[in-house]
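Here are a few exercises to work through with the model open beside you. Try each task before you read its solution.

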Amino acid sequence: MKNKISPLVFALIICLLLVNCNSDDDSSAFIDPVTVTIPVIKSKSEMRNSITIMDPQPTNSDGKIYVYDDLLFYIAQNSGIHIFNNQNPENPQNIAFIQLEGVNDISVKNDILYADKFMDLVVFDISSMSDIQLVNIEEDMLVYYAIYPDGVEYYQSDISPANEDEFIATYSTVDMERTDVENNPNFYYWGSEIFISFNDAALANNVGVGGSYAKFQIYDNALYTLDDYKLNTFDISDYNNITLTSETWMGGWFGGELETTYILKENLFIGATNGMHIISLEDEFNPIYTSSFTHATGCDPVVVENFTAYITVRGGNSCGAIEDQINVIDVSNLSAPVEYSTYFLSSPYGLGIKEHILYVCNEDGINVFDAQNPNNIILKNTYVTTSKDVIPLSSHLIAVGNNVIQQYNYVDNFGLELISTLQF
């Protein structure tokens, strides 16, 4: 008697064969898939010629917010700058877009906007919103390297810049069969550690203000920017001829990476993965390290009011192993900051402080604290939203999330009243 294959089994075999033959791009088809990182090469000259002033555009990028006079800026990371007329916060008007690939931060003084574009510092005259002008490109003024993705084991090493005009702009990833990768000398095993490449104020004085994740700050005629372990100081007295006046090294293999900046009076407060650093700006072009408050590794922006600093510290993932918390620090003696208190809050992000009311974004929304007593801040309200950072202006509060900006009026009893939402 001959063995027969039932129609159902036969159909199943055919389906499996079809799946195996037509799923080259599906990592589930690999017996033992591995993710490979591939460098994306760009031309500096082409990148510098790609700056364009455009009509309002949609966005699909995480962003930071910045306020200057009646203008509200949404800095779409690595994409460009969206500009809104915010004279009426209840009805902000989208008026322009600066296409600026590689942008992450901006700062504005006297109608001059400074922004990063990969390794370049670019300058715009925004005195007329109907006629924004690119006035200067300071080439190779900033340190830039693409961020290597977390947890990727293999790196394609045969793709690299061919000349001085090329650079690694970013990295893409692709799933491949492990045996194919391990038998190819062009795929370098890096392990799962993060790869780091070493090659590559106040509204007064007509200076704008950014959120707690800002890495650009202007003080008088100095522009401060951050590298991972270094504070850079630029003289912007003449925006057509910007010069680097000093580099302040503040970390290294055993120190935390520098993440955020905040200016209060003549002092710059830097949030780092290992704590907060205080820098004297008495000589604006030659900042002097004053002191630090340190903790276990975590992601943490910082804001300051009077003699109290507030730091949100987020652990987990690539941020570190520290427990999520808010640190309240006494900075009345700038040379010796000490901790007032700690408040445990899950997954805190950006924050802002105004008149002893502390606003902290976390996975639950915007948390509003009574911060009259730094030894015991008290949670008063939580507003459900997806915001990751805030700017508490004297008139109202602005919050930013992924492709959304919300504005709130202050109301009694530590309250907020939503007045407008910009959804991109």
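Two strands pair if DSSP finds at least two bridges between them. Strands (E, at least two residues) are DSSP runs, numbered from the N terminus. We're working on a predicted model, where local features need pLDDT of at least 70, side-chain atom pairs count only at pLDDT 80 or more, and totals for chains, interfaces and linings use all residues. Residues are numbered from 1 along each chain as its sequence is written, and side-chain values use heavy atoms, with hydrogens and water left out.

**Exercise 1.** Work out the strand order of the open sheet that contains E7, and find its edges.

*Solution.* Start with the order: this open sheet of four strands reads E7-E8-E9-E10, and the pairing is antiparallel. Next, look for strands that pair on one side only: these are E7 (106-109) and E10 (133-138). Then check the twist: neighbouring strands are turned by 20° against each other on average, direction ignored (axes are lines fitted to C-alpha atoms, and angles run from 0 to 180 degrees between N-to-C directions). Now zoom in on E7 and E8 (residues 112-117), which pair over four antiparallel bridges. In that pair, Ser107 has Tyr114 of E8 as its bridge partner.

**Exercise 2.** Asp105 sits in the loop between E6 (93-99) and E7; is Asp105 buried or exposed, and what does its side chain reach?

*Solution.* First, accessibility: Asp105 counts as buried, at 5% (buried means under 20% relative accessible area, exposed over 50%, partly exposed in between, with a 1.4 Å probe and protein chains only). Second, the side chain of Asp105 reaches the backbone nitrogen of Lys215 at 2.9 Å. Third, list the contacts (heavy atoms within 4.5 Å): leaving aside neighbours within four places in sequence, Asp105 touches residues including Lys64, Ile75, Tyr114 and Phe216.

**Exercise 3.** Do the same for Ile288, in strand E22 (residues 288-294).

*Solution.* Ile288 has a relative accessible area of 53%, so it's exposed. Beyond its neighbours within four places in sequence, Ile288 is in contact with Ile278, Ile279 and Ser280. Finally, the C-alpha atoms of Ile288 and Thr248, 40 residues apart along the chain, are separated by 7.9 Å.

**Exercise 4.** Find the edges of the open sheet E23-E24-E25-E26 and say what they lack.

*Solution.* This sheet has four strands in antiparallel pairing. E23 (302-305) and E26 (338-343) each have a single partner strand, so one side of each has no neighbour in the sheet. The twist averages 20° from one strand to the next. E25 (residues 325-330) and E26 run antiparallel, joined by five bridges, and Asp330 has Val338 in E26 as its bridge partner.

Technical notes:
A polar contact is a pair of N or O atoms within 3.5 Å; within protein, one must be able to donate a hydrogen and the other to accept it, and residues adjacent in sequence count only if both atoms are side-chain atoms.
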